[in-house]
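Please walk through this chain one element at a time, with the coordinates open beside the text.

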Amino acid sequence: MKASDLFIRCLENEGVQYIFGIPGEENTDLIDSLISSNIKFILVHHEQAAAFMADIYGRLTGKPGVCLGTLGPGATNLLTGIGSAYLDYSPVIAITGQAGLDRIHKESHQYVDIIGVFKEVTKWNQQIKVPHTIPEIIRKAFKTAVIEKPGAVHIELPEDVAMMDTEGEPLPVTPMPRSRPAEEEIKKAVELINRAKKPIILAGNGVVRDGAAESLRKFAEEKQIPVVNSFMAKGVLPSNHPLTLFTVGMQARDYVLCGFDLADLIITVGYDFVEYLPKYWNDEAMNPIIHIDARPAEIDAYYPVQAELVGNVTEGLEALSTGVVEKELWPEVKKLRSQIIEKLHSSDDVSGSPIIPQRIIADLKRAEKGNAIVISDVGAHKLWMARMYQPEMPNHTIISNGFASMGIAIPGAIAAKLAKPDKPVIAVTGDGGFLMNGVELATAKRLGLAFVIVIFHDSKYGLIEWKQLNKFDRTNAIEFTDPDFLGFAKSFGVKGVKVTHSDELLHALEEAISSQEIVLIDVDVDYSENVKLSKTLGDYICKL
C-alpha cells in the first residue's frame, strides 16, 4: 500500500473523526488517501483556525484534535494554535507536509526546518523518514499527546515518503495507566489537613482534564473545605454550591484572595502554574501547600510544598478521603462567599447605552440557563468573563489562558459544536479578536452548524487600552475602524443583530440561543468600567 494510506489507517485506528486543515501540494497524498476514509476533513480558511479547532476539540473530548497544514507557510500558520494547545495542556496532533528528503539538505522552495520551529511548542515531534515507522510514530504521538500533562505533538510527512510503497498495520491502542500517589505522601497530607484550622482548595485545569470534578466535590463536602477554581477549572462546583468561592486569576488583589490570606493550608488540585502564578495568591509564601497532580510540583519560591501527591487526581482525592477527619467549615467562609456574590452581582441590572460588561455577562448567564458551552476569546472581555461568568458544569467555559491568543473564539465554537452537537454553543469575543478569524463563518455555514456569537464592540484593543491607562494614564495605537458587522455576517448568510441598549440584550440572546442557525449579536460595550475595576482591586483589603 501507499505510505499515506497506511498513515490514514493509523489515524482511523486512533478513533480520529475530524481533521481540521488546508490541503497543499506537499500533503496532497494524505488528502487523496482520505477519500476512502470515514474521517471527515474540515476545510478551513486559515491554518491558525485549524489548530484552534483541534485545541478546543481536544479540551472538550479528551481525545487528540488533529490539524493539518502543508510545508512552509501552511505549517507556520499552525504555530499559534499549537502554542495555545501546548500551554493550555490540550491534546493535539499537528500534521505537516514537507519537501522531499532529496532537497531538504539545501536551499529549496518553501523549505524551512519545521521540526526545529515546532520543537519548543510541542511535547514531541518527529519527521517520518521511512514509511514502515508510520504505525509506531502515530501510536507514540497519540499516547504522548494524552499522557499527563497533555499537549501538542507534531508529525512531519515529506511528500516523497508519503508516496512510497510500504507494508504495515496500525498498532493496538492500549488503555492509559492510572497511578496512585505514594503512601508516605498521602500520610503526610492527611496529617497536615487534620491539623489545619482553615484549609482551602485551589482547583486547576487538571481537575477538568482528569474528570475529577465529582471526586473534588465529594471530598470538599465530606471535609467541609472551601474551593476556589482557576479560569480553566470553572464549573468544578456549581455556582450555587455553598463551598465555592468562585474564580481566582486576576493579577490584582481580587476579593476571593481574602480566602487565601486567612487560610493556614492550601491544597492545590490539578493546578498548573501557567494558569496563575503562586506569587499572586501566596505572595509572602506563608501558607504551606499540599500538591495533588499527575506531575511533580514546579519549583517556585512562593510554592512551599509540604506534601506531594503525584498521580491520578481522582486517586489522590480518594486516598485522602479515608484519612482526613470531618472538619467544621471555618466561620469566615460563609461571610466571604456572601460578600463575593454581592460584589459580583452588584451591577447585573445596570441599564444604559452603551452596555457595561457586567450587564452583558449577567444577561448571557440568564439567557443560556447553565447549559451552553461558552468559548471566550482574548481581550478585555476575557477578564470580565473569567472573573464573573460562572458555569454550572466543568468544561462549559473555555478560556485560552496559557498562551492567551486572540482569534480563538470562532474556530473554537465550530470545534465545540462538532464535539458536542447537542449543546448550545456561544462564542464571546471582542471586535479585534473576531476580525482575526471571523472569516471562518464561511466554514461554519458550510458545515450547517448553529451557534451564537456575541461581539463586545468598542473599535479598539480594549485590554491594551486598559493596561496603558493603568500604567501611563494615556493610550496610543489601540483604535481601529470596524466594518459593518451585520453586513459582514449577511455576506456569509449569517443573521446579525445590533444591540445598543441593555434593555434589548436579553431578548436578543434568548432568541439567538433558541434558533437553529448562526446568529451574530453586535453589542456596544462601555469599557469605562475597566479602570474602575483596577482601582477597586487596587484598594482591596481583607476585612473579614
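Contact here means heavy atoms within 4.5 Å. With that cut-off, the buried residues of helix α6 pack against α1, β3 (65–69), β4 (92–98), β5 (124–127) and β6 (152–158). The model is a predicted one.

Helix α6 is a good place to begin. Its 13 residues reach 19 Å from the first C-alpha to the last, close to the 18 Å expected at 1.5 Å a residue. The buried residues of α6 are I134, P135, I137, I138, R139, A141, F142, T144 and A145.

One of the partners of α6 is α1. Helix α1 covers residues 3–13 and helix α6 covers residues 134–146; the two pack at an angle of about 30°, and their axes are 10 Å apart. The crossing of this pair is right-handed. On the α1 side the contact is made by A3, L6, F7, C10 and L11, and on the α6 side by I134, P135, I138 and F142. Sorted by character, the residues of this contact are nine nonpolar, no polar and no charged. The four α6 residues in the contact, I134, P135, I138 and F142, also appear in the list of buried residues of α6.

A loop residue, V173, can be placed next to this pair of helices. V173 lies between α7 (159–163) and α8 (183–195), and it is partly exposed, with a relative accessible area of 45%. V173 and E14 are 159 residues apart in sequence, yet their C-alpha atoms are 6.8 Å apart in space. Leaving aside neighbours within four places in sequence, V173 is in contact with N13, E14 and R139. Of these, N13 falls within the range of α1, and R139 is one of the buried residues of α6.

The loop that follows α6 has an unusual peptide bond. E148 and K149 are joined by a cis peptide bond, with omega about -10°, and K149 sits in the loop between α6 and β6. On the other side of α6 in sequence is E120, in the loop between α5 (114–118) and β5. What is the exposure of E120, buried or exposed? E120 is exposed, at a relative accessible area of 60%. Its C-alpha atom is separated by 9.2 Å from that of Y86, 34 residues away along the chain.

Helix α13 gives a second case of a helix with a buried side. This helix, residues 332–344, has 13 residues and reaches 18 Å from first C-alpha to last, close to the 18 Å expected at 1.5 Å a residue. Its buried residues are E332, V333, L336, R337, I340 and L344. Seen down the axis of α13, these residues fall within an arc of 130°, so they line one face of the helix. On the other side of α13, K334 and E342 are exposed. The cover over the buried residues includes β9 (244–247), α11 (257–262) and α15 (380–388).

A second cis peptide bond is found after this helix. The bond joins S353 and P354, with omega about -5°, and P354 belongs to the loop between α13 and α14 (357–368). As a general rule, most residues other than glycine have a negative phi, and most peptide bonds are trans.

The rule on phi also has exceptions here. Q224 has a positive phi of about 55° although it is not a glycine; it lies in the loop between α10 (213–223) and β8 (227–229). S459, also a residue other than glycine, has a positive phi near 55°, and its place is the loop between β16 (452–457) and α19 (462–472). Where do these two stand in exposure? Q224 is partly exposed, with a relative accessible area of 28%, and S459 counts as partly exposed at 25%.

The last stop is a strand residue. T268 is part of strand β10, residues 265–269, and is buried, with a relative accessible area of 0%. Not counting residues up to four places away in sequence, T268 touches L202, W281, I289, I290, H291, I292 and Y303. K420, by contrast, is 152 residues from T268 in sequence, and the distance between their C-alpha atoms is 29 Å.

Technical notes: Residues are numbered from 1 along each chain as its sequence is written. This is a predicted model: local features need pLDDT of at least 70, side-chain atom pairs count only at pLDDT 80 or more; totals for chains, interfaces and linings use all residues. Side-chain values use heavy atoms; hydrogens and water are left out. Axes are lines fitted to C-alpha atoms, for helices over the stretch in contact, and angles run from 0 to 180 degrees between N-to-C directions. A crossing is left-handed if the near helix is turned anticlockwise from the far one by less than a right angle, and right-handed if clockwise. Ala, Val, Leu, Ile, Met, Phe, Trp, Tyr, Cys and Pro count as nonpolar, Asp, Glu, Lys and Arg as charged, and the others, Gly among them, as polar. The expected span of a helix is 1.5 Å times one less than its number of residues. Buried means under 20% relative accessible area, exposed over 50%, partly exposed in between (1.4 Å probe, protein chains only). The arc is that of the directions from the helix axis to the C-beta atoms.
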